[in-house]
Amino acid sequence: MRIGVLGTGNMAQALGTQWAGAGHQLLFAGRSAVRARALADRTGSTSGTFEEAVSFGSVLLLALPYDAALDTVTALAAADGTLRDRVLIDCTNAVGPGFVLTTEGGPGAARTLADATGARVVKAFNHLPDTVWRLTPPAFADGPLSVPLCGDDADALETVAALVRDLGCVPLPVGGLDRAAYLEATTAFLIGLWHSGHDPRTLLPPFAAATA
Ligand SMILES: NC(=O)c1ccc[n+]([C@@H]2O[C@H](COP(=O)([O-])OP(=O)(O)OC[C@H]3O[C@@H](n4cnc5c(N)ncnc54)[C@H](OP(=O)(O)O)[C@@H]3O)[C@@H](O)[C@H]2O)c1
């Protein structure tokens, strides 16, 4: 696949490195051309502007802070209709101080990004920290991680599912973009627990007990 990565920070590095290692072609773009080029050099990829990333990739990873992500893709969509065809992976967490969603009361980040761009948005990879996505593979005692995916376009979901498998994880489609708001809220809740030193896994009984 040809993947345009918007952002050069932790998530861009973690997922971009994995996908480059799996044989995909990547173009990294950021507001710092120097950081984009350095990341491209480290992964055997290319770098460019946000516009070039959109032209390059049939798939785009949006790895910017949510507000910057929305501003950036809104401007890109206004400038060029290309974004409309693209599979746009939204890994953003619009989490503000107090682990509150800054999108609260609205349609949620993924839905807002889809409405602003017309892109085929898939919410994915937002629910865990970049340190986990850097593992090769991200698997633990219970086996490979499941990665929840939310999206309205079946082909886009299958494309992102393939990228999940490239990491050594298991794709778990959990619904459409309306469901993404639940995944975003769940992640805000998880982040709050982790930051207060609590293990969310202690909240959960074994599957059989919960479903008996
Ligand atoms: N890190 C995690 O563990 C994690 C996990 C799941 C989801 N996420 C989500 O993934 C997204 C990226 O997180 P990250 O940890 O990769 O962030 P990061 O390491 O801070 O990198 C952010 C990237 O966005 C760029 N950026 C910041 N403000 C910008 C603006 N106004 N306009 C254009 N570019 C801007 C930064 O450029 P500069 O380098 O020039 O500052 C950098 O390339 C966020 O939405 C975050 O909530 C993060």
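The following questions and answers concern the fold and interior of a predicted model.

Student: What radius of gyration does the protein have, and why is that value in agreement with a compact globule?

Tutor: The C-alpha trace spans about 50 × 35 × 35 Å along its principal axes. For 212 residues, a compact globule would have a radius of gyration near 17 Å, so the protein agrees with this expectation, its own value being 17 Å.

Student: How many helices and strands are there in the protein?

Tutor: Both kinds of element occur in the protein. The helices number nine and the strands twelve.

Student: Among contacts between residues at least 6 apart in sequence, what percentage join residues at least 24 apart?

Tutor: A contact here requires heavy atoms within 4.5 Å. Among those linking residues at least 6 apart, the share that joins residues at least 24 apart is 68%.

Student: Which residues touch the most other members of the largest nonpolar core?

Tutor: Buried residues account for 48% of the 212 residues in the protein. The largest nonpolar core holds 35 residues. Those touching the most other members are Trp19, Ile89, Phe125, Trp133 and Leu149.

Student: Which residues does isoleucine 89 touch, leaving aside those up to four places away in sequence?

Tutor: Ile89 is one of the residues that touch the most other members of the largest core. With residues up to four places away not counted, its partners are Trp19, Val59, Leu60, Leu61, Leu62, Val122, Ala124, Phe125, Val160 and Leu163.

Student: How many residues form the second, separate core?

Tutor: This core includes Leu6, Leu64, Val121 and Ala180. Its total is 27 residues.

Technical notes: Residues numbered from 1 in each chain as written. Predicted model: local features only at pLDDT ≥ 70, side-chain atom pairs only at ≥ 80, totals over all residues. Heavy atoms only, no water. Helix = DSSP H or I, 4+ residues; strand = E, 2+ residues; numbered from the N terminus. Rg over C-alpha atoms; globule rule 2.2 N^0.38 Å. Buried < 20%, exposed > 50% of the residue type's maximum accessible area, 1.4 Å probe, protein only. Core = buried A, V, L, I, M, F, W, Y, C linked by side-chain atoms within 4.5 Å.
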